[in-house]
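Please read the following account alongside the sequence and the 3D view. It goes through a sheet, an enclosed strand and two pockets, in that order.

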Amino acid sequence: MRILPVRGDSILVELADLGEALALFEALENNPVEGVTEIIPAARTLLISFDPYTISDEALVAAVSALAGGEHKDSSGALVEIPVRYDGEDLGEVAGMLGMSVEDVIRLHGESNYVAAFTGFAPGFAYLSGGDPRLAVPRRKSPRTKVPAGAVGLAGEFSGIYPKTSPGGWQLIGTTPLAMFDIDRTPASLLQPGSRIKFRDMAKDTAYEIKPSSRAAGKPVAASSAEAASVLEIISVGLPVVFQDLGRVGQASQGISVSGAADRGGFKAANRLVGNPANTPALEIALGCLSFRMRGQGVMAVTGATTPISIAGANGSKISAAHHSAVALDDGDVVSLGAPAAGMRAYLAMRGGFDIVPVLGSAATDTLAQIGPSALVAGDVIAIRFAPANALVSSEEPAFAMPSADETVMLDVVMGPRADWFTEAAVESFLGQEWSVTPQSSRVGIRLSGEALERSNQGELPSEATVRGALQVPASGQPVLFLADHPLTGGYPVIANVAGHHLDLAGQIPVGAKIRFNAITSFAPRFIPGKCP
């Protein structure tokens, strides 16, 4: 067993294989360790997040080591039958690679007794283990940019089903009409960890269809119009303007990452400035350019990116409003946010909060998973709740100066967990050069451009969990800095993770800026000896 560094509140435990990883996961689930906040299992690792104020890193490693070495029990989960049309684009190629007929591939896949080992990649995507070992095939060398929802695939020892249309590199052998993920279903994911799965050939058996939900991403839904104190009428928007809060915590078993505000400190500050609880839904505005009309009275605050704020009154007056301050609005005021001088994302909070129905426990819009309210468009009307009588408006300074597009931002990083997959020269290059922030960046991650990083290990990394701030390096050698909407698991090595105190800063770096990385720790994996039987 190896303990690999992630950052001050997370470790990655690497084991010999899937069986050992699941055995340790079960032991930790059955014997909870105080201070552990979440455990995400994967192909041969466990990502363990913890509260460092409750348990130290050393105490956590000792507790994990004491529970390691058990045996994984056979699953007794519910049996789920999956009807499949064996019409996948790669079916013939898979048969050729395996040296067998298409009919044999279909037969072995249907005869296998699969178990949902863990979830990740996308909500509702389960990695299915227990298949016939003769079906093991590598991922595609060139991933597809678009794999349809319901596609059934093979990769390594696993089979899997794509829950929604997305990019993907698995070998596609068929399709199913079943909805793998439906937020109107409880639980939302059809396949839960431990579920037993049998595939049925639709050419031989009658199948049925479950229609997918239409609410995975939709228009903002008011909780109750009777509770609205006033409303905002959206006049115009630039880049996507989305609802955010602090995200969906503790739903990794559904394949759902936390998401939430990219700059959590800025988001919470906006709420405090207007007297709201810290997790009250607010608007995240990328690069400004939002205009809305106030219907009724209200109090707003804009934090984060330093966007200019102008207010045109119904009486013809026009004033500039202060950034990072509570601002009173009258009925008919038109508020316009311009392009920011620095920073990437502004946060708009209204006293009382926006009247939005949470989706899976949160009002956050996860752009990768397509969960939550859709981005605002001109004509949308958003209700604002009444503020409680004891709500207190605060006054505070921003946590840090917003970065601009013409500067170099220094981010502290913790090296690992896969720094040893790269050459020494690549690690030196990663820390020594300035990386450019490309226009392909989004809430999912910042795509960087620079001198490509060379790997010393050319093997295929089994899927493992990632965190916000992970610097994953795909085959191109150009790192991607994961932000709030990152996938739960990934199949490329993570060379380093942004330190916790710089995560919000990372969420505010605009396109065109440069980034340098400063290692605050060296890569130091710990080896834990195995136990004698």
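Two strands are said to pair if DSSP finds at least two bridges between them. The model described here is predicted.

By that rule, five strands form an open sheet with antiparallel pairing, and their order across the sheet is 3-4-2-1-36. The edges are taken by strand 3 and strand 36 (526-527). Each of these has a single partner strand, so one of its sides is left without a neighbour in the sheet. Further in, strand 2, residues 10-14, pairs with strand 4 in the antiparallel sense, over five bridges. Within this part of the sheet, Leu-12 stands opposite Leu-47 in strand 4. A helix accompanies these strands: helix 1, residues 18-30, lies across strand 2, strand 3 and strand 4. The angle at which helix 1 runs to strand 4 is about 30°.

The next stop is strand 34, which covers residues 494-498. Five of its five residues are buried, so strand 34 is largely enclosed by the rest of the structure; buried here means under 20% relative accessible area. Strand 34 pairs in the antiparallel sense with strand 27 (residues 408-415), over three bridges, and Met-415 stands opposite Ala-496 in strand 34. Strand 34 also pairs with strand 31 (residues 470-472), again antiparallel and over three bridges. There, Gln-472 stands opposite Val-494 of strand 34.

Gln-472 also leads to the largest pocket, as one of the residues nearest the pocket's centre, together with Phe-121, Pro-143, Gly-169 and Tyr-492. The lining has 50 residues in total, and the space in this pocket is about 1600 Å³. Several elements each supply at least two residues of this lining, including helix 3 (91-98), strand 8 (144-147) and strand 29 (445-449). Strand 11 gives the largest share, three residues. By class, the lining of the largest pocket divides into 22 nonpolar, 19 polar and nine charged residues.

The second largest pocket holds about 690 Å³ of space. It is lined by 29 residues, and those closest to its centre are Arg-7, Asp-9, Glu-38, Ser-49 and Val-258. Two strands of the open sheet return here: strand 3 (36-41) and strand 4 (45-50), along with helix 7 (503-506), are the elements that give two or more residues to the lining of this second pocket. That lining is made up of eleven nonpolar, ten polar and eight charged residues.

Notes. Residues are numbered from 1 along each chain as its sequence is written. This is a predicted model: local features need pLDDT of at least 70, side-chain atom pairs count only at pLDDT 80 or more; totals for chains, interfaces and linings use all residues. Side-chain values use heavy atoms; hydrogens and water are left out. On a 1 Å grid over the protein atoms alone, a cavity is a set of points where a 1.4 Å probe fits but cannot get out, and a pocket is an open set with protein on both sides within 12 Å along at least five of seven lines; lining residues have an atom within 4 Å of a point. Grid points are joined across faces, edges and corners, and a volume is the space filled by probe spheres set on the points. Helices (H or I, at least four residues) and strands (E, at least two) are DSSP runs, numbered from the N terminus. Ala, Val, Leu, Ile, Met, Phe, Trp, Tyr, Cys and Pro count as nonpolar, Asp, Glu, Lys and Arg as charged, and the others, Gly among them, as polar. Contact means heavy atoms within 4.5 Å. Axes are lines fitted to C-alpha atoms, for helices over the stretch in contact, and angles run from 0 to 180 degrees between N-to-C directions. Buried means under 20% relative accessible area, exposed over 50%, partly exposed in between (1.4 Å probe, protein chains only).
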